[in-house]
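Below are some notes on the model, set out as numbered points. They begin with the sheet and then move to the helices and one loop residue.

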Amino acid sequence: MDTVLWSRPVHERAGTPLLLMLHGYGSDETRMGELFSQLPRSITCAAPRAPLDVSGDYGWFLLDYFLSNDFAEVVGAATAVLSWLDTMMAKHKFSSVSVLGFSQGMAMATTLMRLRPKMFTAGVGLSGFVLKNELLAAMEPLTTRIPFYWAHDRADLVINRDATAFTAGWLAANTDLSDSVYRGLGHTISAVEMSDVSAFLTGHVPGSFVPHA
């Protein structure tokens, strides 16, 4: 967690709601930074760079076409994020923490939720998936079902059908799910989609709405 992009300077963060934003595989924190201006202005956004080098870009854990993964690697990355979050929550006294993930970042976001189900106020998944893992499943269904907005295109060629089907079932069983399908979106992020995400966060994260003066 050496590199983190923030939406506001350090002296303006205290007491605000935090939105942790996790980028996809083969990307970096700047992709999430491009979305800051499309989110509720009272939220503090933090976009960390994933630790794994992927040919000059970054990822949270190794991934292949079938979205298979090494569970020890996943848990190691998730534990590092949670440890950093604990430090930031103590330092800045954020009023709450929510999480947003794109693609592999959604897999990481939902893994954080599975490890700390009471930590997060709301969740957002963009064109992503949930990891299928027997060890995590042994602790489910989650005791806390947070509001979760899943934005995706069923014709997304990056996320295979089996992963999409598992994700749909897991989210329905473990979250207060809002499932939104965007035809023609593919494996991207759109302005219309982000407008809906902003509205979702405004409705579910206390303190996220501040009227313009």
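1. The model is predicted. Its seven-stranded sheet is open and runs in the order S1-S3-S2-S6-S7-S8-S9, with mixed pairing. S1 and strand S9 (176-181) each have a single partner strand and stand at the edges, so one side of each has no neighbour in the sheet. Direction ignored, neighbouring strands are turned by 15° against each other on average.

2. Strand S3 has a partner on either hand in that order, between S1 and S2. With strand S1 (residues 4-6) the pairing is antiparallel, over three bridges. Valine 4 has proline 48 of S3 as its bridge partner. With strand S2 (residues 17-22) the pairing is parallel, again over three bridges. Here leucine 18 stands opposite threonine 44 in S3, and leucine 19 has cysteine 45 in S3 as its bridge partner.

3. How many of the five residues of strand S3 (residues 44-48) are buried? Five of the five are, so the strand is largely enclosed by the rest of the structure. In a regular strand, side chains alternate between the two faces of the sheet. In S3, one side carries Thr44, Ala46 and Pro48, and the other carries Cys45 and Ala47; all are buried, and both faces are thus covered.

4. Strand S7 is a second case with cover on both faces. Gly123 and Gly125 are buried on one side, as are Val124 and Leu126 on the other. S7 pairs with S6 in the parallel sense, over four bridges. Within this pairing, leucine 126 in S7 stands opposite phenylalanine 102.

5. Next, the helices on the sheet. H3 lies across S2, strand S6 (96-102), strand S7 (123-126) and strand S8 (147-152), and runs at about 145° to S6. H5 also packs on the sheet, where it touches S8 and S9; the direction of H5 makes about 160° with that of S8. Both helices thus have S8 among the strands they meet.

6. Two packed helices are described by the angle between their axes and the distance between the axes. For helix H3 (residues 104-115) and helix H5 (residues 161-174), the angle is about 30° and the axes are 13 Å apart. Angles under 35 degrees count as roughly parallel, and H3 is therefore roughly parallel to H5. The crossing of the two helices is left-handed.

7. Which residues make the contact between these helices? H3 contributes Met106, Thr110, Met113 and Arg114, and H5 contributes Thr167, Trp170 and Leu171. Sorted by class, the contact of H3 with H5 has four nonpolar residues, two polar and one charged.

8. One loop residue deserves a separate entry. Proline 40 is found in the loop between helix H1 (29-33) and S3. Is proline 40 buried or exposed? The relative accessible area of proline 40 is 8%; buried means under 20%, so proline 40 is buried. Leaving aside residues up to four places away in sequence, proline 40 touches Ser198, Leu201, Thr202 and Ser208. Proline 40 and alanine 151 are 111 residues apart in sequence, and their C-alpha atoms are 18 Å apart in space.

Conventions. Residues numbered from 1 in each chain as written. Predicted model: local features only at pLDDT ≥ 70, side-chain atom pairs only at ≥ 80, totals over all residues. Heavy atoms only, no water. Axes fitted to C-alpha atoms, helices over the stretch in contact; angles between N-to-C directions. Parallel < 35°, antiparallel > 145°, perpendicular 65-115°, else oblique. Left-handed = near helix turned anticlockwise from the far one by under 90°. Contact = heavy atoms within 4.5 Å. Nonpolar A, V, L, I, M, F, W, Y, C, P; charged D, E, K, R; others polar. Buried < 20%, exposed > 50% of the residue type's maximum accessible area, 1.4 Å probe, protein only. Pairing = 2+ DSSP bridges.
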